[in-house]
Amino acid sequence: MDIDTYYTDHWKHIEEERIARYERMFEWRDGQAALLAPAAIGPGHRVLDFGSGPGFMALAIADMVGESGHVHGVDINARFVADATQRAAGRGHVSFHHVADGRIPLPDGAVDRVLCKNVLEYVPDVGATLAELRRVLAPGGRIHVMDSDWGFVVVEPWGKADVDRYFAAASVAFREPHIGRKAQGLLRRHGFADIEVRIQAFADTAGRSLPVIRNMRSYIDAAIEAAGRTGAAPALSAEEADALLADAERAVDAGTFLFALPQFLVSGNKPSG
Ligand SMILES: C[S@@+](CC[C@H](N)C(=O)[O-])C[C@H]1O[C@@H](n2cnc3c(N)ncnc32)[C@H](O)[C@@H]1O
């Protein structure tokens, strides 16, 4: 893959091992319902889940809107769309659509709610994406964005300097690794009003987030490979990255591990006038 467009290409083509890891990472847990609270989703709502991945969150939202509503999941990865469609079999009020060119296959004003969880950091042109999300949202409808900010991650026992090095080395996988802090300004600049920002943090001490750290390790490999092609020194070598990963795994076994990655919850309305 071309490293300059890796941030989007790595979602278009996902190898089996990563599909399995993502299914574990994106599994929807009841405890995550608080992430959706600012979206104020209710029965009968028509909802777009932009970047729906394997479809777990869209299926949870389908329970919230009931059969009088509808959930549309949209994703750039065709395999995710096919798997999510299978998971939704027999549920007529959920449908999944593949997008290849950024154009959402819905008419103007088709939905009451737009949700976008951990996606805006990957899109090639965030302004164009927000304009498209605004187009499909009905006047008076609400957008709710949930995003990480990779400048706010804590991994103990690494300490800040190694956390910064590890995630900077993996940043080839993101178009905007600091999207969390930028989301409210972006929504405001792209025509949304009544913006609200909340930050929600979970502390993982049991190692549930190791798949996230291992996933970053695969992104670091892509950066190392790209550096190798040009003869440049990588920001972090494979040995250094493996040693950090092993430290984290040992800390889980020792009961001293801590991972925290706050989620920025940013909501706004499309003005009705
Ligand atoms: C980190 S995953 C999040 C999946 C899901 N929203 C969740 O939180 O469980 C990012 C998702 O965004 C999708 N994605 C990335 N770029 C996209 C784009 N330009 N248009 C639509 N989907 C995109 C990926 O294929 C992937 O499913």
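Q: Which strands form the open sheet of 3 strands, and in what order do they come?
A: The order is β6-β9-β8, with antiparallel pairing. Strands (E, at least two residues) and helices (H or I, at least four) are DSSP runs, numbered from the N terminus. Two strands pair if DSSP finds at least two bridges between them.

Q: What kind of model is this, before going further?
A: This is a predicted model, in which local features need pLDDT of at least 70, side-chain atom pairs count only at pLDDT 80 or more, and totals for chains, interfaces and linings use all residues. Residues are numbered from 1 along each chain as its sequence is written, and side-chain values use heavy atoms, without hydrogens and water.

Q: Back to the sheet of 3 strands: which strands are at the edges?
A: The edge strands are β6, residues 154-156, and β8, residues 203-204. Each of these two strands pairs on one side only.

Q: And how many bridges join β6 to β9?
A: There are 3 bridges between β6 and β9, the latter covering residues 258-260, and these two strands run antiparallel. As for individual residues, L258 in β9 stands opposite E156.

Q: Now the other open sheet. What is the order of its 7 strands?
A: Its strands follow the order β3-β2-β1-β4-β5-β10-β7, and the pairing is mixed.

Q: Why is one side of β3 and of β7 left without a neighbour in the sheet?
A: β3 (94-98) and β7 (193-200) stand at the edges and have a single partner strand each, so one side of each strand has no neighbour in the sheet.

Q: What does the twist average from one strand to the next?
A: The twist in the sheet of 7 strands averages 15° from one strand to the next. Angles here run from 0 to 180 degrees between N-to-C directions of axes, which are lines fitted to C-alpha atoms (for helices, over the stretch in contact).

Q: Do β1 and β2 run parallel or antiparallel?
A: They run parallel: β1 (residues 46-50) is joined to β2 (residues 70-75) by 5 bridges. In this region, R46 stands opposite H70 in β2.

Q: Which strands does helix α6 lie across?
A: Helix α6, residues 126-136, lies across β1, β4 (111-117) and β5 (137-147). Relative to β5, α6 runs at about 135°.

Q: What about helix α8?
A: Helix α8 is made of residues 179-189 and lies across β5, β7 and β10 (263-269). The angle of α8 to β10 is about 5°.

Q: New topic: how do helices α7 and α9 pack?
A: Helix α7 (residues 160-169) packs with α9 at an angle of about 60°, and their axes are 8 Å apart. The angle makes α7 oblique to α9. Under 35 degrees counts as roughly parallel, over 145 as roughly antiparallel, 65 to 115 as roughly perpendicular and the rest as oblique.

Q: Which residues make that contact?
A: On α7 they are Y166, F167 and A169; on α9 they are I213, M216, R217, I220 and A223. Contact means heavy atoms within 4.5 Å.

Q: At roughly what angle do α9 and α10 cross?
A: Their axes cross at roughly 175° and come within 10 Å, with α10 spanning residues 238-254. These two helices are therefore roughly antiparallel to each other.

Q: And which residues meet there?
A: From α9, L210, I213, R214, R217, I220 and I224 meet A238, A241, D242, L245, A248, E249 and V252 of α10.
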